[in-house]
Amino acid sequence: MSEPMTVPITGEEVARYVVARAVWAPSVHNTQPWRFTAGGQQISLYTDTGRRLAVADPDGREMMISCGAALFSVRLALRSLGYIPRTCVLPGPAQPELVARVSWPERADADEFERRLSGHLLTRRTHRGAFDPEPLPSGLLAALRAAAERDGTALRVVADGGRRAALAAAVENAENELRLGGERLRELARWTPAPGSACRDGVPATAYPARAERTEPHFPGRDFARGHGWGVPPLSAAGSRRAAGVAGLLTTTADRPADWVNAGQALQRILLTASTAGAAVALHSQPLELPWLREFIRTQLSDDAYPHLVLRFGLVTQVAVSVRRDPEDVLFPAAADHAGLR
Ligand SMILES: Cc1cc2nc3c(=O)[nH]c(=O)nc-3n(C[C@H](O)[C@H](O)[C@H](O)COP(=O)(O)O)c2cc1C
């Protein structure tokens, strides 16, 4: 990835700096379903609907969550430069692909926490698998709950043993069902390049374990290797005690595109906050892609709030390596807003 070497000054330099960080936001299957345009002191963030998962994500909810995560990164990167972002989310029904406009009319120095958080924009990685048995740093869960609330969402920790087992069973049922669906498997194959591939999107074999470790209860990961035996060989000695971590649900009280963007912003705030505390996070959206399991989780495990992601938090030595497209491939001059973009 090309990094700007000097402090960005012009609007164009600021946009390049910010987008170089935003592209490292998490996205479903690393689809990176976004485009940016920049002009003057404004960045616009658009969905790239050609990258939506047509089978797994027909409504574009996961695409919007992914773009929301990128939006949070844009705002945080601006803060790290000492700008105060002014954000307008989903500015108009005439442009449903326009997720947000962000400008930076005023300045104020970033505080210590913003600086620490932004320091993890490029390095945070999704964890897949089990965790070490050690507990999370004290106070972290409270900080994560507060982080979710900042964006109008909730992080519901599922601590009760029975409910935790029910959540794990929902993930397992979904994963079993997804592995049987031909269309879904073909779609997954499009986003799971073979080892050594030059692809800059999708989930590379360097990002998931070759052998899933069982935990109690078991939250199975996605079958990115699809029987090819790809993935990172195990680090830990067999037989060591491994944990499922603290399980939680990211939810919103309504289920409109604006809520999905909020969920994405909250997700990125949560992931970065965990990262600054040395904790890793595993994401499971399998049961939320199947309407009846999403409804089960909504009514039985999240007090009728709409669930968007199952999250697991824990401590682990992370080895995952991911990929991204170059910022230049997703950033266009604002003049292209209405012209050649699509
Ligand atoms: C809406 C959404 C759903 C996701 N679902 C899963 C999932 O079910 N399983 C998983 O392993 N990762 C999931 N992820 C994480 C992405 O695969 C990950 O962000 C992407 O591959 C980029 O890798 P990185 O986060 O390590 O940079 C999801 C991310 C988002 C934003």
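Helix axes here are lines fitted to C-alpha atoms over the stretch in contact, and angles run from 0 to 180 degrees between N-to-C directions. Helices (H or I, at least four residues) and strands (E, at least two) are DSSP runs, numbered from the N terminus.

Before you start: this is a predicted model, where local features need pLDDT of at least 70, side-chain atom pairs count only at pLDDT 80 or more, and totals for chains, interfaces and linings use all residues. Residues are numbered from 1 along each chain as its sequence is written, and side-chain values use heavy atoms, with hydrogens and water left out.

**Exercise 1.** Work out how helix 2 packs against helix 1 and against helix 7.

Solution.
- Take helix 1 (residues 11-22) and get its angle to helix 2: about 130 degrees, with the axes 8 Å apart.
- Classify that angle: under 35 degrees is roughly parallel, over 145 roughly antiparallel, 65 to 115 roughly perpendicular and the rest oblique. Helix 1 and helix 2 are therefore oblique.
- Now do helix 7 (residues 257-276): the angle to helix 2 is about 55 degrees and the axes sit 6 Å apart. So helix 2 and helix 7 come out oblique too.
- Finish with handedness: a crossing is left-handed if the near helix is turned anticlockwise from the far one by less than a right angle, right-handed if clockwise. Helix 1 passes helix 2 in a right-handed crossing, and the crossing of helix 2 and helix 7 is right-handed.

**Exercise 2.** Describe the shell around the ligand and its polar contacts.

Solution.
- Collect the residues with a heavy atom within 4 Å of the ligand. You get 23, with Thr126, Arg128, Arg222, Ser285 and Arg324 coming nearest.
- Sort them by type: eight nonpolar (Ala, Val, Leu, Ile, Met, Phe, Trp, Tyr, Cys, Pro), six charged (Asp, Glu, Lys, Arg) and nine polar (the others, Gly among them).
- Map them to elements: helix 2 (61-80) and strand 7 (280-284) each supply at least two, and helix 2 has the largest share, three residues.
- Look for N or O pairs within 3.5 Å. A polar side-chain atom of Arg125 is 2.9 Å from a ligand oxygen, Arg128 has a side-chain N or O atom 2.6 Å from a ligand oxygen, and for Ser285 the partner is a ligand nitrogen at 2.7 Å.
- Check the cover: the protein hides 99% of the 620 Å² of accessible area (Shrake-Rupley, 1.4 Å probe) that the ligand has on its own.

**Exercise 3.** Find where the cis peptide bond lies.

Solution.
- Scan omega: Glu216 and Pro217 are joined by a cis bond, at about -5 degrees.
- Place Pro217: the loop between helix 6 (182-190) and strand 6 (246-252).

Terms used
A polar contact is a pair of N or O atoms within 3.5 Å; within protein, one must be able to donate a hydrogen and the other to accept it, and residues adjacent in sequence count only if both atoms are side-chain atoms.
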